[in-house]
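Please examine the structure below with its ligand in view. The paragraphs that follow begin at the ligand and then turn to the protein chain around it.

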Amino acid sequence: MRLSLRFVLPLALVLAGLAYIVVPLVDQLTLRWSVRDLNTRAALVAKTIEEPLYEAIETGSNQKLLKQFADISEDERLYALGYCATPNAAMVATRVMPREIRCSKLDRYVGEDGYVLHTDREMIHVAVRPMGTGGVLILLQDMGYFVERSQQTKLYIYGFFVGLAILISLITVFIAQLSLRGWNEALRLLVRGKLPGEIPTAAASTSPELRPIARDLQRLIRELESENRSRDEAQINWNPDALKAMLRGELRGEDIIVVSNREPYIHVEKEGGIEVQRPASGLVTALEPIMRACSGTWIAHGSGNADRATVDAHDRVAVPPEKPAYQIRRVWLTPEQEAGYYYGFANEGLWPLCHIAHVCPIFRSSDWEHYVAANQLFADAVVQEATTPDPIVMVQDYHLALVPRMVREKLPEATIITFWHIPWPNPESFAICPWRERIIDGLLGSSILGFHTQFHCNNFVDTVDRFMEARVDRESFEVTSGGKQTAVRRFPISIDWPPDPLAMEKSAEDCRREIRAINHLPDNQLLGIGVDRLDYTKGIIERFRAVERLFELQPEWVGRFTFIQIAAPTRSSIGEYQNYETLVRAAAERINLRFGTEAAPAILLKIQYHGPREVYEYYRAAELCFVSSLHDGMNLVAKEFVAARNDNQGVLLLSEFTGAARELPEALIVNPYDADQCAAALHMALTMDPMEQRDRIRLMRSLIAEFNVYRWAGRMLLDAATMRRRMRLLGDTSKVA
Ligand code: F6P
């Protein structure tokens, strides 16, 4: 339709121009030239016949004159001839002289250039020449040939111009087609070029005129994609089966390689034999159910003293022990490597750097060297475990910041999803790290880089902008460095939902009774619970200070309320952690001395590891759970407490400095540095009406049910699948091209 218009329009314009402008102009010109020719000819003929006519005129014989006229007309191919002796005389003329031409009317034309007479049927040129006799000679020439010539000219002109118009139209269509094809191709490249992953953006960068369109198009595509994704995501009931189906459908059943420092199962030599332990780790809590669902390989540091004894020749062991579903591939580190890489650079350097918890980061170059070497070991293990050139690799956390780049160098087509489980600070804070560019560059080896909150994504992108030679697109949150793109995305982590039925086996009532009995507390004692690794970022001392303040401000709770703190020992060889443990113990002792009673302590501090089921019993037994982190990426304890309360009772006090606070506003949100505010929140929780507790906890439960850990992983994998599809498409097309 558009094409035919492109063809017809120039043609119609040319024809109209031809009919109304060109042809009349040419007609006029031809007429003028013909008249000029006829004038010249008339003058010549008049001159030639003047002499012979004199005689006849002199004799006064009209017969003689007419005879001569007839002869001349024949010789000179004149239409008619006439003679007027005076203006009043009758004209002596050949027969065909038109009646309109009379002697009385010719005065003004004498000697002039003649004129054209249009009769009914003919066009005649009239020339009036003076004679030496005093009279005038009238010469008429037929212009029939002119009409004929003019028509022929018109025909040529029409033919020429129509041909020209057709040619122009064809050229226009051809050029339009070419440029359309060029645009199509450029747009296709642009659409592809904007996508995260390792796709060239040459088209976008070399065609400045296409950039505004590209931007709009890209925005549109992003909006459509995210709308579609949210709609698709919301329609899925996220559980292990859904994740498996998604992997089969979207990722063609690709195996997944997870790589983290911490392993999900640790084999430990005990007196009775080898025991399997589950570490206290939010990362493990989140990823373990994913791996059960997806199979694949989990590469991690073999940190248990019986780990070597339990692996096969390839350093692999199938887990979970009761029903194997995936493999752990263990990476071995020497004590020096572990000290430098894990305790040193990761936990004395990056950990305090990223958690603004007022502990000064320590950076030693020897630790850095171990960090680089250990990261290389993990990256090599990934390359060994990959069974295809483009595996899906999920790199976890700050211990392995260099792994994405190291894997990318060996497996350029891999889809690398990196998740940073801790906060990312602002650029000024991150600038402290002497190897900041190396860390950022390592992470930019990822296809997708995930954080818990948008705030951390913003901080990361700002840091890249500040320190790297990279293009940062703040609209799409994509960073391009060395021609490769990394999509920076928010993926708030979550927990398994519905919770493990075995952990919920005992009724809340039984949990209440048993936990009080085990801890020698009165049956009606009100309980608060805190569950953390013994880490200074968790705000355990601040939490105790809030409990102390509660007793100071509301003494009616003394003897009626006990706060149980489960603190799993962690990173105990680091001086800061040892000091912290001492301070935590001292704070608990001091408060117990002030407010403990014979029947019950104010604070019950349990510095030991508790398994997930035991922890759930504590959650279900308590009136409230207090999460007072000074800074925390997400904090899954908050979500676990809510998940454990299927009796819809219990109150969550949650630090505003956790990622979880953004998702669970129905908790009592507190500033852990403000002891009075926290004490007031504790009082409020202890006196909260059961109906209000129910309303709040239901809302939080529904959020966790909707956004569980399968959805967290599913969203990342869906993004990865989209990226891989586009990569394949580009690969195929480029082959064709
Ligand atoms: O919060 C960061 C994190 O890696 C968590 O994912 C995990 O819960 C915790 O640290 C475990 O620390 P570690 O492995 O040092 O015991």
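In this predicted model, two helices, α7 (282–294) and α9 (335–354), each supply at least two residues of the shell around the ligand. The full set of residues around the ligand consists of R262, S281, G282, L283, Y342, W351, D397, H421, I422, R533, T570 and R571. Sorted by class, this shell holds four nonpolar, four polar and four charged residues.

Several of these residues approach the ligand through N or O atoms. In the side chain of Y342, such an atom is 2.4 Å from an oxygen atom of the ligand. The side chain of D397 likewise places an N or O atom 2.5 Å from a ligand oxygen. L283 contributes through its backbone, where an N or O atom lies 3.3 Å from an oxygen atom of the ligand. Taken alone, the ligand would expose 390 Å², and the protein buries 91% of that area.

The position of the ligand can also be described in terms of domains. The protein chain is divided into domain 1 (24–147), domain 2 (247–334 + 363–490) and domain 3 (502–707). Because domain 2 and domain 3 both give residues to the shell, the ligand lies between them. The C-alpha centres of these two domains are 31 Å apart, and 14 residues of domain 2 are in contact with 12 residues of domain 3.

Some details of the backbone deserve attention. Most residues other than glycine have a negative phi, and most peptide bonds are trans. A cis peptide bond, with omega of about -10 degrees, joins V319 and P320; P320 sits in the loop between β10 (316–319) and β11 (326–331). Another cis peptide bond joins W497 and P498, with omega of about 0 degrees, and P498 belongs to the loop between β17 (484–490) and α15 (508–518). H358, which is not a glycine, has a positive phi of about 60 degrees; this residue is in the loop between α9 and α10 (365–385).

Finally, the confidence of the prediction should be considered. The mean pLDDT of the protein chain is 90, and 93% of its residues reach 70 or more. Over residues 194–205, however, the pLDDT is below 50, although this stretch has 39 contacts in the model beyond near neighbours in sequence. Residues 732–737 also have a pLDDT below 50, and that stretch has two contacts beyond near neighbours in sequence. Where pLDDT is low, the predicted coordinates should not be read in detail.

Methods:
Residues are numbered from 1 along each chain as its sequence is written. This is a predicted model: local features need pLDDT of at least 70, side-chain atom pairs count only at pLDDT 80 or more; totals for chains, interfaces and linings use all residues. Side-chain values use heavy atoms; hydrogens and water are left out. A residue is near a molecule or strand if one of its heavy atoms lies within 4 Å of it. A polar contact is a pair of N or O atoms within 3.5 Å; within protein, one must be able to donate a hydrogen and the other to accept it, and residues adjacent in sequence count only if both atoms are side-chain atoms. Accessible areas come from the Shrake-Rupley method with a 1.4 Å probe; for residues, only the protein chains shown count as cover. Helices (H or I, at least four residues) and strands (E, at least two) are DSSP runs, numbered from the N terminus. Ala, Val, Leu, Ile, Met, Phe, Trp, Tyr, Cys and Pro count as nonpolar, Asp, Glu, Lys and Arg as charged, and the others, Gly among them, as polar. Domain bounds come from an automatic or database domain assignment. pLDDT is the predictor's confidence in each residue, from 0 to 100. Contact means heavy atoms within 4.5 Å.
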